Amino acid sequence: MSERPPVDGHCEQCGFDYGTGDLQGTVTLLIRQSADCSMALTKAAAGPDPKVVRLRPEPEVWSAIEYACHVRDVLEVQRLRIAQCLAEDRPVYAPMDRTGRVKQEKYEDQDPMEVAAALMRMAREFGAAARVLQPHELGKLGLYNYPVRAPRTLGWIIRHTAHEIQHHRHDIIEILAKVEPPIIPKPKPAPEDTPEEASAGEAAADGAPESGAGGSGGSTAEVSAD
Ligand SMILES: [Zn+2]
């Protein structure tokens, strides 16, 4: 199911292509996709059932809030890596521990509105750091850990970050589409029939119907409203 997305070429799942787009175009794309992530989360959190942002569609698949927290943190970590790469001779990036953070940072308990705002702030800061890179800086190598330990150029890090965001934008929207309730008006709750209390036997068969609505005998499978 969760095939690892590629780190080169074309991604079948989200359509990202490592081979196209110059620096400015890539950064613009990243900002736009970040805005989409932020907006999707905000919309769902302000919708009829805000807790959908915390629902995992499957036990092993992150919820929208978890993905959004991840996107926010990726943007921050990658911005710091740009700075590290520029500052050091032979940069070796520390792994970000993507899965460990989910629990440590309590992603699922975070406030979706704050996450959405922080995500956008991190996208703008990443964009500002990336846009000013010069060609010789974009070619600078550092030792990167994902998916395997390998030297990567700063230019690749920018493209890879843009891919991460586009890929997870796709995830967030897909997950919300799965867990969000359809927008249809809720049926009016049926007037509650008082449960026929044990005034035993002789139910006044054709006597006065105590409570309207010819209560068809018994088990009303209540449509639980949550
Ligand atoms: Zn992808």
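Reply: Let's start with burial: a residue is buried if 20 or more other C-beta atoms lie within 10 Å of its own, exposed if 12 or fewer, and partly exposed in between, with C-beta atoms placed from the backbone. Here, buried residues make up 30% of the 226 in the chain. This is a predicted model, where local features need pLDDT of at least 70, side-chain atom pairs count only at pLDDT 80 or more, and totals for chains, interfaces and linings use all residues. Residues are numbered from 1 along each chain as its sequence is written.

Me: Which elements run along the chain, from the N terminus on?

Reply: Helices (H or I, at least four residues) and strands (E, at least two) are DSSP runs, numbered from the N terminus. In this chain the order is α-α-α-α-α-β-β-α.

Me: Where do the side chains of strand β1 point?

Reply: In a regular strand, side chains alternate between the two faces of the sheet. In β1 (residues 141–144), G142 and Y144 point to one face and are buried, while L141 and L143 point to the other and are not.

Me: How do β1 and β2 pair?

Reply: Strands pair if DSSP finds at least two bridges between them. β1 and β2 (residues 150–153) are antiparallel, over 4 bridges, and a hairpin of 5 residues joins them.

Me: And how do I read helices α1 and α6?

Reply: Two packed helices are described by the angle between their axes and the distance between the axes. Helix α1 (residues 23–45) and helix α6 (residues 154–179) pack at about 25 degrees, axes 9 Å apart. Angles under 35 degrees count as roughly parallel, so α1 and α6 are roughly parallel to each other.

How values were computed:
Axes are lines fitted to C-alpha atoms, for helices over the stretch in contact, and angles run from 0 to 180 degrees between N-to-C directions. Angles under 35 degrees count as roughly parallel, over 145 as roughly antiparallel, 65 to 115 as roughly perpendicular and the rest as oblique.
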